[in-house]
Amino acid sequence: MLRRRKPEKKPEAETSVPVAVTPTPAAVSVPAAATRPARWSCVDTCCWFIGWICFSWWVLLFLYHAAPASLTQQVTEAISGPMPDPPGALLRKEGVTARHPVVFVPGIVTGGLELWEGRPCAEGLFRKRLWGGTFGEVYKRPSCWLEHMSLDNETGLDPPGIRIRAVSGLVAADYFAAGYFVWAVLIANLAHIGYEEKTMYMASYDWRLSFQNTEVRDQTLSRIKSNIELMVATNGGKKAVVIPHSMGVLYFLHFMKWVEAPAPMGGGGGSDWCARHIKAVMNIGGPLLGVPKAIAGLFSAEAKDVAVAREKAPGVLDSDFFGLQTLPHIMRLSRTWDSTMSMIPKGGDTIWGGLDWSPEEGYDCSDKKKSENVPHTSEEFRVGVDDIHISNVNYGRIISFGKDVAEAPSSNIKRINFRDAVTGNNFAHSNNSCHDVWTEYHEMGREGIQAVADYKSYTTSDVLDLLHFVAPKMMKRGGAHFSYGIADDLDDPKYKHYKYWSNPLETKLPNAPDMEIYALYGVGIPTERAYVYKLAQPAECYIPFQIDITADGGSKNSCLKDGVYNVNGDETVPVLSAGFMSAKAWRGKTRFNPTGIKQYIREYNHAPPANFLEGRGTQSGAHVDIMGNFALIEDILRVAAGATGEELGGDRVYSDIFTWSKKIDLQL
Amino acid sequence: MPILRRRRPAHPPPQIDGPSTSSAASDEKEKPSVPMARKPRWNCLDSCCWIIGCVCSLWWILLFLYNAMPASFPQYVTEAITGPLPDPPGVKLRKEGLSALHPVVFVPGIVTGGLELWEGHQCADGLFRKRLWGGTFGEVYKRPLCWVEHMSLDNETGLDPPGVRVRPVTGLVAADYFAPGYFVWAVLIANLARIGYEEKTMYMAAYDWRLSFQNTEVRDQTLSSIKSNIELMVETNGGKKVVVIPHSMGVLYFLHFMKWVEAPAPMGGGGGSDWCQKHIKAVMNIGGPFLGVPKAVTGLFSAEAKDVAVARAIAPGVLDSDFLGLQTLRHVMRMTRTWDSTMSMIPKGGDTIWGGLDWSPEECYSCISKRKRSNDSIVSQDVKVENANHQPNITNYGRIISFGKDVAEVPSAQIEMIDFRDAVKGNNLAHSNGSCGDVWTEYHEVGWGGVQAVSDYKVYTAGSILDLLRFVAPKMMQRGSAHFSYGIADNLDDPKYKHYKYWSNPLETKLPNAPDMEIYSMYGVGILTERAYVYKRSPSSECYIPFQIDTSADGGHEGSCLQGGVYLVNGDETVPVLSAGYMCAKGWRGKTRFNPSGIKTYIREYDHAPPANLLEGRGTQSGAHVDIMGNFALIEDIIRVAAGATGEDLGGDQVHSDILKWSEKINLQL
């Protein structure tokens with residue numbers, strides 16, 4: 001991509017040189033003008049031009065390859081002053097060296113997937129990446145690609161005749177696409193202090209499957225267990241530091257329950273497996289309580305959840321490229337992925353707020369710019385917030401139909417229950433023409449859609465009912481693997497089932513008093529928290545709801561932008577979801593954390609890169625870009641080299657997470 | 001890939017003369033009307049520009065077409081020319097209903113595994129986690145000295161030099177392709193995938209092939225990780241035992257592994273004496289140099305053998321001595337001598353196996369017989385009669401190194417051997433220390449006297465070659481002797497054989513106690529393979545290797561086994577039949593002292609047939625050392641065993657060569 005694009009601009013600059021040279025033929029052609037002036041100048045100039053472009057292209061390509069690798073760095077340093085040493089080099093000078101083996105658990109979307117068996121249309125793609133890398137096949141044979149990336153609608157496993165498997169090894173998620181790092185920067189810094197492949201393990205898994213199914217189909221959990229055991233054994237009994245990112249955080253929660261559970265359903269590691277093998281779990285940007293984006297994604301395929309992919313290939317995913325069917329195609333695809341359902345907000349109204357309240361309600365969307373880069377303790381800050389108290393945003397209403405509904409007091413909203421509405425009235429002709437882009441909306445009928453809109457406002461718990469209503473089959477599949485509630489009694493034997501393992505509100509942490517859990521996440525970026533919806537224009541095959549992007553707060557400080565209410569977060573995960581468990585529910589000895597595993601919150605305030613030469617920045621707080629944040633990397637390196645949370649300096653908080661956590665009334 | 005791209009357009013330019021001459025022609029026509037203003041300049045400069053422009057455009061168009069071409073296009077072309085291709089074995093066997101059963105483990109050989117950089121000196125900036133070995137080898141061209149520096153190991157320890165960490169690539173990508181388009185394991189992997197294998201049931205036991213076998217455990221814990229992965233695969237596949245497929249040096253590595261895993265903890269893996277029985281169904285050795293290869297000797301002696309054949313075939317200019325001045329070969333020698341693993345392939349078993357001054361197991365081998373032979377397998381008895389009839393000149397294969405062709409051929413009584421072992425060294429070449437400092441080989445310490453003494457001994461057998469190597473390269477051999485041994489055990493129960501240095505020598509270890517296991521020896525035959533050498537002194541120069549193969553020595557007639565200073569014998573181009581087949585043909589067959597539990601052994605030979613035409617690439621019936629990995633018959637055998645068949649189901653032995661006859665001649669106590 002890079003190669004092709006670069007010369008595109010330069011030929012213009014370069015053609016000024018050719019122009020200087022072309023006078024030779026031009027000068028000659030003037031005397032020759034008498035014979036056939038027109039043909040000569042037109043065709044020939046054309047040929048000259050093509051020749052020059054191709055030629056200069058080669059020259060540039062050659063220069064690009066011949067340039068020393070450090071050239072870009074030199075240029076950057078010349079412009080923006082000397083770059084700071086990467087944390088690995090810095091810490092190496094301090095004498096920090098590799099100690100604990102580290103395990104990376106990548107999140108959704110970022111891990112590569114490759115083809116092991118496919119239909120005839122995918123010929124020649126054996127062991128080539130279908131996901132990750134260049135995404136070349138998405139352009140070359142889109143429908144074939146969709147067919148292979150989809151899972152079976154009923155089982156959530158591979159369709160017959162297709163085997164797509166996770167790439168293994170560090171290459172699985174070091175770069176998502178060429179030049180777009182995910183884990184690579186962290187890996188390089190760890191290598192500086194002496195890590196190598198025997199002490200680093202990428203726990204890659206097929207992120208489309210539900211967590212338990214990765215074990216059923218690929219024995220991924222067994223593999224992770226065996227590899228951690230091996231690394232601990234070959235490193236003189238040093239326990240592993242686990243670094244999950246994004247959805248990997250939930251996956252690893254699931255793993256910790258699985259590994260200690262008895263054999264047929266679990267890994268049979270015994271109740272002290274985690275205590276013996278894990279020093280620390282350093283969750284990066286973990287959606288522990290889910291993300292509102294997931295709802296919008298499942299409801300109307302619109303959220304920026306697949307943000308990375310969209311950024312890379314905007315034309316493909318947006319709806320205008322292949323006609324209107326692209327978005328339904330995406331929806332159908334992502335709805336076959338069980339894992340997307342792991343991120344539906346958990347804990348219902350208790351956590352996310354009801355019609356009239358929400359933990360974050362006092363949040364001022366403009367304060368981001370005012371806030372300084374100095375961490376503060378929660379006590380000081382609460383006073384400051386209470387003073388301002390501007391327009392109160394009803395974050396609890398995760399989906400509202402219309403901006404007025406979102407803002408009106410709850411007593412003024414007339415809600416008509418949709419749960420009993422008839423769904424049978426099918427669109428007459430849709431079955432024929434849309435059968436290959438089947439989404440469950442076709443079975444809902446007009447009345448069902450109207451009923452959904454008439455309920456007007458949905459809180460987190462209503463949203464679950466809503467999803468059950470609009471996508472009953474998908475939610476039924478998901479219901480076998482995930483749960484979104486809060487446990488009243490954690491000792492109830494039903495919580496031994498694996499579907500509860502990835503929900504921190506329905507499981508206890510393992511019995512491992514020496515373990516540490518970190519919540520590392522970015523703050524300072526407006527993050528989707530609630531949506532204003534409207535009914536879409538009916539068309540033949542369409543998704544009947546869409547975000548009302550005309551809804552806008554009006555003032556600059558408003559939290560409502562383009563139909564989305566924003567709150568503090570890392571662009572994907574709101575602070576509440578990433579921080580609440582470590583800030584309150586797991587802090588000290590609680591019923592969710594019976595052995596009192598120590599909790600640390602480390603927030604990283606977002607600072608965009610100063611100029612484009614910095615790439616994605618070294619102080620970013622964005623969900624994926626934070627993997628290149630020097631402060632975060634330094635923390636990880638220190639812990640991997642043996643430091644404890646206390647030695648890092650304990651909590652480091654910029655947001656109001658402690659204030660907000662206090663407002664949540666959860667029995668601990 | 002880049003090679004392909006750059007090379008292709010090199011041919012088209014002539015065709016481009018079309019447009020350019022036509023433009024010249026149009027100039028010609030214009031000439032009358034143009035008064036001789038600046039005719040010559042226009043013609044010359046412009047035609048030049050035209051050609052460059054056209055070449056570049058055409059290049060891009062070809063590149064575009066190449067990328068836009070459907071993946072199956074080359075196959076269409078091939079089928080159009082040579083008729084429909086046979087189904088690959090995976091497809092065929094899938095139709096028969098075979099499916100994945102036993103997990104498989106690949107153990108790559110020397111050279112074929114990729115190595116990547118984890119920490120380097122300044123000059124290797126930007127190569128972090130890039131392949132130094134394997135892949136495109138781009139860095140060899142860009143910064144050769146830096147590359148040599150990073151690929152070398154420490155001369156004393158045989159481990160990394162300080163500040164450098166080069167580590168093996170892991171996963172199937174480690175050795176599926178050696179370089180782009182040059183498959184090693186990829187064809188086998190693809191065929192296994194057809195019957196249902198995937199990464200959870202296939203494991204590439206990649207290791208740093210430069211290190212001695214025990215050092216891979218010391219530095220990288222590779223053996224532990226292989227053990228753990230095999231255990232995991234057996235466990236997650238319902239207790240189905242693994243089928244192990246080592247190739248080339250991987251065969252020795254896996255022998256070492258089997259001893260290591262059962263040995264008690266500090267030195268071994270502590271798996272207990274029934275680990276192999278519990279975890280391994282079969283070991284399917286491909287082209288295994290069980291008893292070493294003569295090539296390894298010349299490689300160490302004068303850096304000349306084609307051992308690094310693969311690398312050399314890919315990049316001939318780099319390794320041959322004329323490219324970067326005369327020091328290249330010495331650099332290569334210095335580098336390879338730091339690699340302990342090369343010493344694992346020095347011929348083992350001495351004169352008992354490889355023959356003495358006057359006899360060798362293969363002595364009656366006729367080098368022309370290859371062409372006469374039909375492709376049917378021959379029972380060895382028939383051949384004996386046939387061969388005995390026309391008894392060609394007997395080759396003294398036992399004399400692995402001879403100084404001069406005459407010495408190689410005369411009866412041993414006439415050779416005057418002056419013992420070199422006590423010769424004085426130390427008479428250093430005066431000025432070499434200064435100018436050759438960075439291409440240090442131990443020859444500088446041997447001195448004139450030593451070099452003379454070596455050539456005065458005239459003839460070396462497999463036994464005396466060890467003394468020779470100790471004489472010319474004492475430091476290297478001292479390092480190696482801590483890790484490898486080349487003898488034959490008199491008493492296998494002697495406690496000294498518990499040391500790891502014996503584990504990779506099949507003549508000094510017992511096979512594990514695993515009566516249900518099967519051992520296959522699969523190798524190509526029908527290619528002439530290096531077996532003994534004629535040497536000469538090389539003309540002295542400043543920094544030089546004092547010996548070289550006498551390429552002028554030639555048998556004279558067509559059927560001679562002596563070609564270019566090398567005596568050839570049947571084999572797979574790298575490993576002679578004797579080394580690959582002897583253990584399974586005799587040393588391990590039945591219950592012997594080397595195989596106390598009577599593990600079944602099978603010999604599967606694959607007769608070499610070169611690819612019929614260029615389009616077939618490296619062929620589907622090749623018997624060559626690496627190309628055999630794409631041999632359909634071999635792949636079919638492997639798949640059947642992986643799907644549950646036994647050696648008997650495959651049809652037992654399949655022998656084309658005289659291995660059974662030759663094995664009989666070897667007098668080894670069993």
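Which residues does Trp183(A) touch, not counting residues up to four places away in sequence?

## Trp183(A) and the nonpolar cores

In this predicted model, Trp183(A) touches Phe104(A), Val105(A), Pro106(A), Ala173(A), Asp174(A), Met202(A), Ile243(A), Pro244(A), His245(A) and Met627(A), where contact means heavy atoms within 4.5 Å. Trp183(A) is also among the residues with the most contacts inside the largest nonpolar core, which has 182 residues. Such a core is a set of buried Ala, Val, Leu, Ile, Met, Phe, Trp, Tyr and Cys residues joined through side-chain atoms within 4.5 Å, buried being under 20% relative accessible area with a 1.4 Å probe and protein chains only.

Helix α11 (residues 247–260) of chain A gives the most to this core, with 10 residues; helices are DSSP runs of H or I with at least four residues, and strands are runs of E with at least two. Apart from this core lies another, of 179 residues, including Met202(B) and Tyr502(B).

## The sheet of chain B

Chain B holds an open sheet of six strands in the order β7-β1-β8-β9-β12-β17, with parallel pairing, and two strands pair if DSSP finds at least two bridges between them. Its edge strands are β7 (202–204) and β17 (600–607), each pairing on one side only. Strand β12 (residues 518–525) and β17(B) pair over eight bridges, with Met522(B) opposite Arg604(B).

## Basis of the model

Residues are numbered from 1 along each chain as its sequence is written, and chains are lettered from A in the order in which they are written. Local features need pLDDT of at least 70, and side-chain atom pairs count only at pLDDT 80 or more, while totals for chains, interfaces and linings use all residues; side-chain values use heavy atoms, leaving out hydrogens and water.

Note on methods: Buried < 20%, exposed > 50% of the residue type's maximum accessible area, 1.4 Å probe, protein only.
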